[in-house]
Each structure stands twice: as structure tokens, then as C-alpha cells.
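Q: Hey, can we go through the binding sites and the empty space in this one?
A: Sure, pull it up and fire away.

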Amino acid sequence: MKFKERVFSGMQPTGSLHLGNYLGAMLKWIDLQKTHECIYCVVDLHAITVWQEPGELRHAIRQVTAAYIAAGLDPEKSILFNQSQVSAHAELAWVFNCVARLGWLNRMTQFKEKAGKDRENASVGLYAYPNLMAADILAYRATHVPVGDDQKQHLELARDIAQKFNNDFAESIRTAGYEDGQFFPQPEPVIVGPATRVMSLRDGSRKMSKSEPSDLSRINLTDDDDTIAKKIRKAKTDPEALPSEIEGLAGRPEADNLVGIYAALAGSGKADVLSEFGGRQFSEFKPALADLCVARLGPIAQEARRLMADPAEIDRVLVDGANRARIIAEPILGEVKDVIGLIRAAS
Ligand code: AMP
Ligand code: TRP
């Protein structure tokens, strides 16, 4: 089967969104709307793999939605919804729990990081998390998945699950009319651009993340102008001037990170940034970066705040998105049930 090109991606509603989310994922989500049918999901079921205070979770679901709309995601054009409203995700995840192998999940580095030392005490959901992610994508037979670099391994697992499902039920899939045996596509990661892995501002060897205790390590999409400028001023750097060539960034993770951030915000490449700033000191580069950051993020934060003043409208957008998502996912889930031998009401 020739699969129609379709984009799917998800973002967890935990904590506030930061520059890593914006540059690693959001910018591409917004860009792909121009060329593709896009489905974007606030993955609330993924968020509860770690305990969330219910009031804060509700707030975060709306806040992530508002941030996306503020950043340029068009809910009329693309489908924007929260995962728990479309039950096909959880149902297909159960099927995939029975397709994926323990050995596959044991290799997931994100589980090891998130579970930490006390693995016995991690939720079963945290362990099975990548199966739910595969279900998110394959419930729509999505072909392209824009994410940051840290999701690469989860996407490989989604591809393995798609392939194993196609193999395990090959005969039944052919009987169902799929002559080439391809029931699910192999979803491709879209990990491109100068900032697929934005690093902490305090430590160039760690990823910028919501869970890092120091708030100085990240720029939040809700930070005001002065806070953004202060965090960039305090960002860790080395004493050298910026190099003129990309090769000169090797072994200088902090410099590499700031140049990558500048390039992504400016919509250019690292080489362009270095041709402008090569030979200059951080004392000159940092104020330019701060200005660019404020110019890009300030209006988004402001618009998101405006949208948050009307939560009922945000909820309406999510309900509308879920209704449209269900129209795509439910027939596919129905076919999955047929293929694996479950009985359902005739449609
Ligand atoms: P999460 O907040 O973990 O749900 O991540 C949402 C999206 O942001 C995913 O596509 C991640 O890969 C991406 N992302 C998160 N942190 C970073 C980072 N530091 N650099 C680049 N992309 C990131
Ligand atoms: N696991 C992703 C993250 O933590 C979020 C996610 C859930 C996702 N389901 C997805 C991303 C499906 C892409 C496609 O960032």
C-alpha cells in the first residue's frame, strides 16, 4: 500500500515549554503545516506516567495548547487535540504491548534516565511509554514524525513495532485486502536543523530540559524579556572568541550550543552565524543573541497569555481537534481489530 504522507507529533504537558521544545520540535511542526496534513497531540496520557498534580496537569494541557497556537500552529488547518480524548490511542497501545518485546523496551535509554536508580518503583506506564508513542503515530498511519534528537530511539521502536505487526499478521493482512502486506507504514523521523538538541545553558554536556532543577539552565517560553536577557548573559561559555568556521566549534559544546540557538532563531545555519560573528567575543555575541531571543519569544509568550485568559475557547479547540482525529483513527483501529481476530459490531 502506498501510504499518504501524513505528519504526527506529540508534546507532553508537563512543566513549561522551553527553548529546546521550541527549536527542536515546534518550529518544524509549524513549518510542515505548509506542505502536509498535520496532526499534533498534547500527550496527556504520556504525562501521567509520572505522577502529576491534577490541577496542574489540567492547566499544563491548556498552556501547551495555547503556546502552540501562539507560535503559529493553525488549529483550523492542522488537527490539534489532547490524547486522552481519542480512545484509539490507549486501545492500540494495548495491542502494541502485546507486539513489542520486553527486550526491546529494556534497551530504551530514556526509561533508564527517567526511572533513575529506583527502577522497581517506576510506574509500569513509564516502562511501556514507547508503545503508547508508537500507537499515537500508527493510529493515523503517519509517515513523518518531527521531533528532537532525543526521540530517535523511540521512533526506531515504533518502526520495529509496525514491522512486527505486519509480519505477525501477514496472512490476515493480505486477506483483508492489503496485497503487499503493508498494514502499517514505517514512520520516518524528521530531525533536521541547527538545533535538534539544545543543551543546558549551564552545562554544554546536558540537554536543556524541564526537569533540570536550575531555572538558569533553560529559557522558558513564559520568561519575560529581562529574564531571557539575564539567562543568556549568565550562560556558560569559554574564554575564546567565536571561530570563523564550523570546525572551530569542535570541543566547544557551550559555544556550539549558543551558535546553534542563534542560527535556529534566525532561520539560518551555523556557518552563516559564524561568518557574521567569527572572531568576536561572547561579550558581543551574547547581547545580539539575547535581542534575537526576546524578539522571537516575546510575542509568543504574550499571545499565549492572551489565549489562556479564555480557557473555554482552548477546550473548544481541543474538542474539535479530537472529533477530527477520531474520524481518522477509529476506522484504522477497527481494521486492526479485524486483522487480529477480535469481534466488533459491523460498521
Ligand atoms: P517533551 O517536552 O519531552 O514532550 O518534548 C517535546 C519535543 O521537544 C520532542 O520532540 C523533543 O524531542 C523536543 N525536545 C525536548 N527537549 C529538547 C532539547 N533540549 N533540544 C531539542 N529538542 C528537544
Ligand atoms: N515521547 C515524546 C517526548 O517525550 C512525546 C510523544 C508522545 C511523541 N507521542 C509521540 C512524539 C508521537 C512524536 C510522536 O517528547
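Q: Which helix gives the largest share of the shell around ligand 1?
A: That's helix H1 (residues 19–32), with four residues. Helices here are DSSP runs of H or I with at least four residues, strands are E runs of at least two, and both are numbered from the N terminus.

Q: Before I go on, what am I looking at, and how is it numbered?
A: It's a predicted model, where local features need pLDDT of at least 70 and side-chain atom pairs count only at pLDDT 80 or more, while totals for chains, interfaces and linings use all residues. Residues are numbered from 1 along each chain as its sequence is written, chains are lettered from A and ligands numbered from 1 in the order in which they are written, and side-chain values use heavy atoms, with hydrogens and water left out.

Q: OK, how many residues surround ligand 1, and which are closest?
A: There are 17, and the closest are Gly148, Asp150, Val198, Met208 and Lys210. To be near, a residue needs a heavy atom within 4 Å of the molecule.

Q: What about the class split in that shell?
A: Five nonpolar, eight polar and four charged. Ala, Val, Leu, Ile, Met, Phe, Trp, Tyr, Cys and Pro count as nonpolar, Asp, Glu, Lys and Arg as charged, and the others, Gly among them, as polar.

Q: Which atom of Lys210 does an oxygen atom of ligand 1 pair with?
A: An N or O atom in the Lys210 side chain, 2.9 Å away. A polar backbone atom of Met208 is also 2.9 Å from a nitrogen atom of ligand 1, and a backbone N or O atom of Gly20 is 3.2 Å from a nitrogen atom of ligand 1. Polar contacts like these are pairs of N or O atoms within 3.5 Å.

Q: And how much of ligand 1 does the protein cover?
A: 93% of the 490 Å² of accessible area that ligand 1 has on its own. That's Shrake-Rupley with a 1.4 Å probe.

Q: Switching over: which residues come nearest to ligand 2?
A: Gln12, Tyr129, Met133, Asp136 and Gln151, out of 13 around ligand 2. H7 provides the largest share of that shell, four residues. By class, the shell has seven nonpolar, five polar and one charged.

Q: How far are the polar side-chain atoms of Asp136 from a nitrogen of ligand 2?
A: One such atom lies 2.7 Å from a nitrogen atom of ligand 2. For Tyr129, a side-chain N or O atom is 2.7 Å from a ligand 2 nitrogen, and for Gln151 the side-chain value is 3.0 Å. The protein covers 91% of the 360 Å² of accessible area that ligand 2 has on its own.

Q: Where does ligand 2 sit?
A: In the largest pocket. The space taken by ligand 1 is the largest pocket too. Sitting there needs more than half of a molecule's atoms within 2 Å of the pocket's grid points.

Q: How much space is in that pocket?
A: About 1400 Å³. The volume is the space filled by probe spheres set on the grid points, which are joined across faces, edges and corners. The pocket is lined by 49 residues, with Gln110, Lys114, Asp150, Gln151 and Lys207 nearest its centre. H1 gives the most to that lining, five residues.

Q: What's the rule for pocket versus cavity?
A: On a 1 Å grid over the protein atoms alone, a cavity is a set of points where a 1.4 Å probe fits but cannot get out; a pocket is an open set with protein on both sides within 12 Å along at least five of seven lines, and lining residues have an atom within 4 Å of a point.

Q: How many cavities of 30 Å³ or more are there?
A: One. About 40 Å³ of space lies in the largest cavity, and its lining includes Gln110, Phe111 and His154.

Conventions:
A polar contact is a pair of N or O atoms within 3.5 Å; within protein, one must be able to donate a hydrogen and the other to accept it, and residues adjacent in sequence count only if both atoms are side-chain atoms.
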